[in-house]
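Me: Please take me closely through one part of this structure, the paired strands with whatever packs or pairs around them. I would like the cut-offs behind each term as you go.

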Amino acid sequence: MKQLLLLLTVLSLSLLSWSQNRYTISGHVKDEAGEDLIGATIYVKELNTGTVTNVYGFYSITLKEGSYQFDYSYVGYETQTKKIELNQNQSINITLNETSKTIEEVVVTAERKNSNVIKAEMSTMKLQAKEIKKIPAFMGEVDIIKAIQMMPGVQASSEGSSGFNVRGGSADQNLILLDEATVYNASHLMGFFSVFNNDAIKDVKLYKGDIPAAYGGRLSSLLDIRMKDGNMNKFRANGGIGTVSSRLTLESPIVKEKGSFIISGRRSYADLMLLLSTNEETKKNKLYFYDLNLKGNYKINDKNRLYISWYLGRDVFEYDDLFGFNWGNRTFTLRWNHLFSERVFSNFSFILSDYDYELGQYSSAAGFKWTSDMSDIKIKADFTYYPNTKNMVRFGVNGTFHHFNPGLAKGTGDETIYNELKMPESNALEWAGYISNEWKPLENLTINYGLRGTIFQNMGKSTVYNFDENYEKIDSTTYGSGDIYNTFYGLEPRANFMYALNSKSSIKGSYSRTKQHIHLASNSTAGSPLDIWVPASPNINPQLADQFALGYFRNFFEDTYETSIEAYYKDMKNQIDFRDHAELLLNPEIEGEFREGNAWSYGLELLVRKQTGDFTGWISYTLSKTERKFSEINDGKIYPASYDKPHNIAIVANYELSKRIIVAANWVYSTGAPVTFPIGRYEYGNMVVPIYSDRNDYRMPDYHRLDFSLTYKFGVNKEKGFKSELNLSIYNVYNRKNAWMINFYQDDEDPEVTKAEKVYLFPILPSLTYNFYF
């Protein structure tokens, strides 16, 4: 007992000694409009150490008593330098100005641009809305997803699609968050445009690996999109009139420097053009999409702040009075930031997500209505503890209630020929807890390690079909409302390190394990609005992935050019595919169509990027291989995944010729996607039956395309008032006819001959957009 008391006394004295004469500086870093700057750097010159702001712009750092020089910096903004006499806890909020402006009240220094080298994270890409806006736009629509698809390790699922594949993962293995709410279908107009209105977006960050322990539920990537908070100081408006759609964004203070809001809307108007037709039947058709983003925030006091975010988006297509199809997303997020102390930051969230679609035919006898939806209700609590300059601890818990309604189809009208067909609904509970620590044992070494634990529970009311070894239905089991009938447990370790060779170069490595409990049932590489999500169950195991990555990061020419090379290997188990000729639409026994197997992907990614100056952009190259093996598919032989494209190149360049004129171009190239082709045929009776190759044994032609844009600005010399710009974008400048599909058919003149026909989507497409600001 005496030894224990002695040990406790020593520990207490050590803690007391450590805490003596140490004080904490904390606060928020914002821009002139009051927008929180995510990932801004706070650097203490005397100690050669520092920290970064979190997703709410908050920072905290604890130091010994003394005099220090603090540099506050963010890419594209003037760095502020402050001399601070630290002899008590202090709250210091910083406002950074864009680099195009001058500020006399602070000292402007060279910006700390090497954060990509010294940050303890890898396999990530960050884009700001103003950077995305410079990229040539498809049909005049600035698109976050299209920009992400040109990053190393990321591939477009197909021509014009909003789907994307990351490091050998399928499109459903990407977790897409809008202000923490899951977006299940991120596409408009069958995938040609994404649901994200760039005018409402502040920050975009893609994690291709090294996903923080705070996030889970998907195997391959996290796309974290944050909406603007709204201007804290003055009313602002901006909008645009484009070839496909028009948009308008309004933002204003609620109470100056305490609260603000932003509302942003976008709508396409193809259907409005139809009203100009002289054909009365044509006037009845509808084809449009719309988005509405709304966000508000209010600072109650220095320790409490509330945020509310809401999104609504929908696509509508109706052909006369015969046929109709619509789908859409809804999200809602309520968040409360609370400071328990200068060292403990917390955020509590209540989140709703919903996706639904409806398909209908309106004729009296053959009329039907088909509906499907899924929804999430989520609560979460996240904490960050800043004990000292060598450690930053994050921990939290969350819970999600999932509801799946795969489909209900029923006849409409008194003379219908259809009976009601309903797929079994299901529910699930998903729990998670995590803890991680960013530890800096040496000045040039940072280690980030963490653990995430998950529980996934299937819950009634539900009907579960039981299958034999040949996937033939044996019987079914019905569970009552609230019954927990199946549970999966899992641990997901995450770790990375950063070893700085010097201030301009570093070596980084990471390992992560991820699990996925809900799966997308789709026979299409690009996906469609009719795809349904299916939870893990007694018949379907959760997917599992282990990913290793190693990289070298180096900056050149005073950190103006960022370069990196990363190698990765990803091993994936319990992967989902479907039997040949699978029936996925309105199939109550859909779980019998699933097949499980393994997959693996490995590759090398190179990036050169320049984010400052008149000339900006990046060059990326990815060399990769993705293969799959299923015992019951392709006779058990290994085959390439449908998104295995070994070579991917993207060149993105923007140049400001003057204050008024900006030119931009991008060129992309990728190896053709794997495909299964007929290689022979035989005659059976009067029918010609094709003989197909092994799965994905052939490839489509290689894909490449050049885009160009020219922007002319009006009113650039005005400090205030109305400003505008005119943007000309040209998609597919040299009119490349990239194959979207290849069809095979018998020659009409000689039935013994089979011909191939290439289908392409987009020729050269110019578009004009007028943007305005006031």
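Reply: Two strands count as paired if DSSP finds at least two bridges between them, the strands (E, at least two residues) and helices (H or I, at least four) being DSSP runs numbered from the N terminus. The model is predicted, so local features need pLDDT of at least 70 and side-chain atom pairs count only at pLDDT 80 or more, whereas totals for chains, interfaces and linings use all residues. Residues are numbered from 1 along each chain as its sequence is written, and side-chain values use heavy atoms, with hydrogens and water left out.

With that rule, strand 42 (647-656) and strand 43 (residues 661-670) are joined by 9 bridges and run antiparallel, forming a hairpin with 4 residues between the two strands. Within this pairing, Y655 has V663 of strand 43 as its bridge partner. Strand 43 is also joined by 10 bridges to strand 48 (residues 703-714), again antiparallel, and here W667 is partnered by L706.

In a regular strand the side chains alternate between the two faces of the sheet. Strand 43 shows such an alternation: I662, A664, N666, V668 and S670 point to one face and are buried, while I661, V663, A665, W667 and Y669 point to the other face and are not. Buried here means under 20% relative accessible area, exposed means over 50%, and partly exposed lies in between (1.4 Å probe, protein chains only).

Another set of strands forms an open sheet of 5 in the order 10-17-18-13-14, with mixed pairing. Strand 10 (124-128) and strand 14 (181-182) each have a single partner strand, so one side of each is left without a neighbour in the sheet. Further in, strand 17 (residues 201-207) and strand 18 (residues 221-227) run antiparallel and are joined by 6 bridges, with K205 standing opposite D224 of strand 18.

Strand 42 and this open sheet can be linked through the largest nonpolar core, to which strand 10, strand 13 (174-178), strand 17, strand 18 and strand 42 are among the elements giving two or more residues. A nonpolar core is a set of buried Ala, Val, Leu, Ile, Met, Phe, Trp, Tyr and Cys residues joined through side-chain atoms within 4.5 Å. This one has 41 residues, and F196, V204, L223 and I225 have the most contacts inside it. Helix 4 (144-148) gives the most to the core, with 4 residues. Taking contact as heavy atoms within 4.5 Å, F196 touches, among others, I144, I145, I176 and I225.

Side chains of opposite charge can pair when their charged atoms come close. A salt bridge is counted where a side-chain nitrogen of Lys or Arg lies within 4 Å of a carboxyl oxygen of Asp or Glu, and the count comes to 42. One of these joins E180 to K380, with the closest N and O atoms 3.2 Å apart. E180 lies in the loop between strand 13 and strand 14 and K380 in strand 26 (residues 368-388), so the pair ties together parts that are 200 residues apart in sequence. Both E180 and K380 are buried. Salt bridges that share partners join this pair into one network whose members include K202, D224, R226 and D382. D143 and K146 form a further salt bridge, at 3.6 Å between the closest N and O atoms, D143 being buried with a relative accessible area of 7% and K146 being buried with 18%.

Methods
Lists of a residue's contacts leave out its neighbours within four places in sequence.
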